[in-house]
Amino acid sequence: MTQEAVSIASFDTGYSADSTEFCPISSHSRYLTCGTYQLTDEQQENVRVRKGKIYLFDMNKSSALDPEQVIETPAVLDMKWSHSPIQDKPTLGVVDAMGGFRLYGFEQDKLISTGHVQATDDPSILCLSLDWANRVNKDDCRVVTSHSDGQLSILAPEQGGEYATISQWQGHDLEAWIAAFNYWNTNIIYSGADDGLFKGWDTRMPEIPTFTYKRHLMGVTTMQSSPHKEHVLATGSYDEHVYFWDTRSMRAPVNSFQTPGGGIWRLKWHPTRDNLLLSASMHAGAFVLDVNNETSFDTQLKTSFLDHKSMAYGADWSFEDPDLIASCSFYDHIMHLWKSN
C-alpha cells in the first residue's frame, strides 16, 4: 500500500529550484541548502546570463524555512556536501552554469567561499553534476564533474588545499548529465548522458571506457552507488526506469523498476536504511522506493509526494531526522519538506 505524503512546510525560492542537500556532517546536520537557476535576458559574450542563489536553512529553528543566509552565485546545476570536512570545515560543493566548481565552507554558522575552479574557458558550457569520492572512504576528497559538452573532469586538492583539475576527457558526444564515483572503489566512476549511454571509467586510464551500455531507452540522468552495500549501483533516466546493477558483473542489470512516470532526475540512497531509495521524478513528483537489495532487488513504491506543480529536480534525505525529506521543483520555484512515513 503506497502512502501519499503531504507537505509540512514550503519555501518560495524566487528563482527556479533544482537542488536540495542536507549536510551530512554530524555537527552541522541540522543545515539544509537549496540551489536555484534563472535564465535572464542579460547577455555576456553573446551568452544569456544565468543567475542563481543558494539558500541555507537551519532545521532546528522554530521558523526552519526562514533562510539563515542567501548567497548570490551563477545559476546552480548541482550541489553536494562533502562527507568529510575539507580544511576542517563542513563543505558544500556547487557546480554552475559558467562551468565553475565552487566550494563553500562553514565558518561558525555561515557559509563562506573557500575555493573556485573553472572547468572550462567557454562561458556557454555548463557544469551539470558533481560527486564526492569520500562517501565511504573519508580520506579520498576528489570530485568528479560532468559537463554540457560531454566532458568529464576529476578535481583534487593540491598541497595548499586548493582544488585543481587533474584529469579531463571527452566522455560523451552529448550532454553528460551525471557522473558518480563507485564509493567502494573510487578508481571507478560512472557517467550517463543525453545519448542514452551509461559508461564506466577507470580514473587511472580514463581515455577508454571500461564499458558502454545503452540499456536505458532515453538520456541517463542520475546514478548513485549504495553507501551501505559494496556492489550495488542504481541508475535512472528520462525513461522513468530505475536499473539496479551488481558492479561485479555489469553486463546486464539485476532488476529494474518503473517509477510512476515523469522521468527521473535524481536518485538518493537513504543515509542509514539500506533498502530505501529516493527519486526526484520531474513531471510526476518525488517517490520513496523500498528495494529488497538482499537478493533480487524487487522494488515497491513506498511513498509518493505529489504536491510539486512543476518538474521536481532536487530531493534529499535528512541526516538528522531519518524520515525527513526536502524536495524542490523548477518552474513553480518551491521547496517542500515532507516525511517518508
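I count two strands as paired if DSSP finds at least two bridges between them. I am working on a predicted model.

**Entry 1: β26 and its partners**

I began with strand β1, residues 3–5, and looked for its partner. β1 pairs with β26 in the parallel sense, over three bridges. With at least two bridges needed for a pair, the three found here qualify. I noted one position in this pairing: Gln 3 has Thr 303 in β26 as its bridge partner.

Strand β25, residues 286–291, also joins β26, this time through six bridges and running antiparallel. Here I wrote down Asp 290, whose bridge partner in β26 is Gln 300.

I then checked how covered β26 is. The strand spans residues 299–305, and five of its seven residues are buried.

**Entry 2: two positive phi values**

I looked up Met 282, which has a positive phi of about 40° although it is not a glycine. Met 282 sits in the loop between β24 (276–280) and β25. Its relative accessible area is 3%, so Met 282 is buried.

Phe 297 also went on the list, with a positive phi of about 60° and again not a glycine. The loop between β25 and β26 holds Phe 297. I recorded Phe 297 as buried, at a relative accessible area of 6%.

**Entry 3: the open sheet β3-β4-β5-β6**

Next I traced an open sheet of four strands, ordered β3-β4-β5-β6 with antiparallel pairing. Its edge strands are β3 (16–22) and β6 (69–74), each of which pairs on one side only. On average, neighbouring strands in this sheet are turned by 25° against each other, direction ignored.

Inside the sheet, I followed β4 and strand β5 (residues 47–58), which pair antiparallel over nine bridges. Gln 38 stands opposite Lys 51 in β5.

On edge strand β6 I picked Thr 73. Is Thr 73 buried or exposed? Thr 73 has a relative accessible area of 9%, so I entered the residue as buried. Leaving out residues up to four places away in sequence, Thr 73 touches Lys 51, Gly 52, Lys 53, Ile 54, Arg 102 and Tyr 104.

Lys 53 came up again when I looked for charges over rings. The charged end of Lys 53 sits over the ring of Tyr 15, 5.1 Å from its centre.

**Entry 4: aromatic pairs**

I counted ring pairs with centres within 6.5 Å. The count comes to 26 aromatic pairs. One of these is Tyr 31 with Phe 106, a tilted pair at 4.7 Å centre to centre and 40° between the planes. Tyr 31 belongs to strand β4 (residues 31–44) and Phe 106 to strand β9 (residues 100–107), so this pair ties together parts that are 75 residues apart in sequence. Both residues were checked for burial: Tyr 31 is buried at 1% relative accessible area, and Phe 106 counts as buried at 4%.

I then looked at Phe 211 and Tyr 213, which form a stacked pair at 4.9 Å centre to centre with 20° between the planes. Planes under 30 degrees apart count as stacked, so the 20° found here puts the pair in that class. Phe 211 counts as buried, at 12% relative accessibility.

Ring pairs also link a cluster made of Tyr 37, Trp 177, Tyr 238, Trp 265, Tyr 313, Phe 330 and Tyr 331.

**Entry 5: nonpolar cores**

Which residues of the largest nonpolar core touch the most other members? I found Leu 77, Phe 101, Trp 132, Val 143 and Tyr 163, out of 24 residues in this core. β9 and β11 (127–132) each supply at least two of its residues. β11 gives the largest share, four residues.

A second core is separate and holds 15 residues, among them Phe 11, Ala 17, Cys 34 and Phe 57.

**Entry 6: Ser 226**

Last, I looked up Ser 226 in the loop between β19 (220–225) and β20 (232–237). Its relative accessible area is 0%, so Ser 226 is buried. What does Ser 226 touch, not counting residues up to four places away in sequence? I listed Tyr 183, Trp 184, Val 232 and Trp 269.

Definitions and conventions:
Residues numbered from 1 in each chain as written. Predicted model: local features only at pLDDT ≥ 70, side-chain atom pairs only at ≥ 80, totals over all residues. Heavy atoms only, no water. Phe/Tyr/Trp six-rings, centres within 6.5 Å; stacked < 30°, edge-to-face > 60°. Buried < 20%, exposed > 50% of the residue type's maximum accessible area, 1.4 Å probe, protein only. Lys NZ or Arg CZ within 6 Å of the ring centre and 35° of its normal. Axes fitted to C-alpha atoms, helices over the stretch in contact; angles between N-to-C directions. Core = buried A, V, L, I, M, F, W, Y, C linked by side-chain atoms within 4.5 Å. Contact = heavy atoms within 4.5 Å.
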